[in-house]
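I sat down with this structure today and kept a few notes as I went. Here they are, in case they help at your bench.

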Amino acid sequence: MDGQLLLVLLLLLLGASGPEGQGPGPGEPEEEPPKEEIPEEDGILVLSRRNLGLALREHRTLLVQFYAPWCGHCKALAPEYSKAAALLAAESAKARLAKVDGPAEAELTEEFAVTTYPTLKFFRDGNRTHPEEYTGPREAEGIAEWLRRRAGPSATRLEDEDGAQALIDGRDVVVIGFFQDLQDEDVATFLALAQDALDMTFGLTDQPKLFQKFGLTKDTVVLFKKFDEGRADFPVDEELGLDQGDLSHFLLTHSMRLVTEFNSQVLFVVVDVGADNGHVLRYFGLKAEEAPTLRFINMETTKKYAPAHGGPLTATSVTAFCHAVLGGEVKPYLLSQELPPDWNQRPVKTLVGKNFEQVAFDETKNVFIKFYAPWCTHCKEMAVAWEALADKYKDHEDIIIAELDATANELEAFPVHGFPTLKFFPAGPGRKVIEYKSTRDLETFSKFLDSGGELPAEEPAEEPAAPFPETPANSTTEPKEEL
């Protein structure tokens, strides 16, 4: 037994020290360990805790999607993500796409504070501690373009007139920054904006001959477009420099057609809040400082719609919003003024959108409401009678006389199209509404209320017979009855 055991041990030792198992001799190079490869699926790097560091070292620009296999949004993104990877690969782009199975890689999701799926983070130059949150498009070309503008220059450097003209002719909207010093901070601001304004093509120049060609003498950002006035200039403030927010607002405003048709269903109208358009802002319940923003109105129903969040306005986000409204995915919003603290202190109660339902459909009250417009002449003419009516019935606990500015408050129950509109909401269940269409004076209003929302029938007063009209002797026409 001992001999057999010794034989086995010797064979093992010989096998380990034979020619193939010997270490390198003097002067012989050491063999490199096999290089670790990162697995891929459809051109997308598959990352884990073990290989993320390697991926960051090998790829200067890396977009990583944290996903969950069960996530519906992740499944919808998957084909677009793969197409984006293919687009970049076809261009031999330096940027790469990767993905991490979040639930399976709990350490990574915790490290990068991932709480929802999908979450996408952009890593640059191997920096693991401060990735950029991806907020770009979710379709292939948009993802690819977002990465192109981070992996390479976000604006084309223009050296001559031919290059500038070719760039302008190649797109409907082109933005060119004319800067005398390309090392200036304003240039960095311009390029930073160009990284995210994916709907526009950007150029950049410091060439005096291009300044001259386009009639410029100082730093200016120029938007060239193949519609409307054709060009819009944004001079850089010599003291304050280039403000990215102001420039973004300028580009958004001037890059949209004044009236644009979308999908044969939607017309885009651009409103300059700096001009005399206060009436338009009031109609949508907006303030000038809220611009740039969007509102969508259905002209048949007059229902209005607003985006759910205040994200950046791009062609992609605007298109998505329009599709969501047309698809019934967005609920209309209703305008309402704030409720005055003293709304019920006067004989005529003040209603707004926020308290209308509570007051009008109170089953214990008979409510008579005037829907008016501040500019309406007829509303102003009947104001005295309405105040007198409220004063007359102010001690009747079951009767409320109220008014609502229908230009600043919208109702879910019904639209108001004419002014003044008078409606009576009788006490009791059923949300009954009676429209008043008679004479607008105190006496008739009172009769209407006293009869519970009906005008009592009155016998027509006898009128003296009108004298028989004389007819010319030679006329054959019988006199007509006077109505």
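**Loops, a buried strand and confidence**

I started at Pro118, which lies in the loop between helix H4 (106-111) and strand E5 (119-124). I should say at once that this is a predicted model. I checked the peptide bond between Tyr117 and Pro118 and found it cis, with omega about -10 degrees. That made me look for other backbone oddities, since most residues other than glycine have a negative phi, and most peptide bonds are trans.

Next I looked up Asp42. I found Asp42 in the loop between strand E1 (40-41) and strand E2 (44-47). Its phi is positive, about 55 degrees, although Asp42 is not a glycine. Is Asp42 buried or exposed? Its relative accessibility is 64%, over the 50% cut-off, so I noted Asp42 as exposed.

Then I went to Asp228, in the loop between strand E10 (220-225) and strand E11 (231-235). Here too I read a positive phi in a residue other than glycine, near 50 degrees. At 40% relative accessibility, Asp228 counts as partly exposed.

One more loop: I turned to His59, between helix H2 (52-58) and strand E3 (61-67). Because its relative accessibility is 15%, and buried means under 20%, I wrote His59 down as buried. Which residues does His59 touch, leaving aside neighbours within four places in sequence? I found Leu45 and Arg96.

After the loops I picked a strand, E18 (residues 399-405). How many of its residues are buried? I got 7 of the 7, so E18 is largely enclosed by the rest of the structure. In a regular strand the side chains alternate between the two faces of the sheet. I therefore went through E18 face by face: Ile399, Ile401, Glu403 and Asp405 are buried on one side, and Ile400, Ala402 and Leu404 are buried on the other.

I also looked up what E18 pairs with. Strand E16 (residues 348-351) runs parallel to E18, and 4 bridges join them. In that pairing, Lys349 has Ala402 as its bridge partner in E18. Strand E17 (residues 366-372) is parallel to E18 as well, with 7 bridges. There, Phe371 is partnered by Leu404 of E18.

Last, I checked confidence. The chain has a mean pLDDT of 83, and 83% of its residues reach 70 or more. Over residues 1-22 the pLDDT is below 50, and this stretch has 2 contacts beyond near neighbours in sequence. Residues 459-483 are also below 50, with 5 such contacts. Where pLDDT is low, the predicted coordinates should not be read in detail.

Notes. Residues are numbered from 1 along each chain as its sequence is written. This is a predicted model: local features need pLDDT of at least 70, side-chain atom pairs count only at pLDDT 80 or more; totals for chains, interfaces and linings use all residues. Side-chain values use heavy atoms; hydrogens and water are left out. Helices (H or I, at least four residues) and strands (E, at least two) are DSSP runs, numbered from the N terminus. Buried means under 20% relative accessible area, exposed over 50%, partly exposed in between (1.4 Å probe, protein chains only). Contact means heavy atoms within 4.5 Å. pLDDT is the predictor's confidence in each residue, from 0 to 100. Two strands pair if DSSP finds at least two bridges between them.
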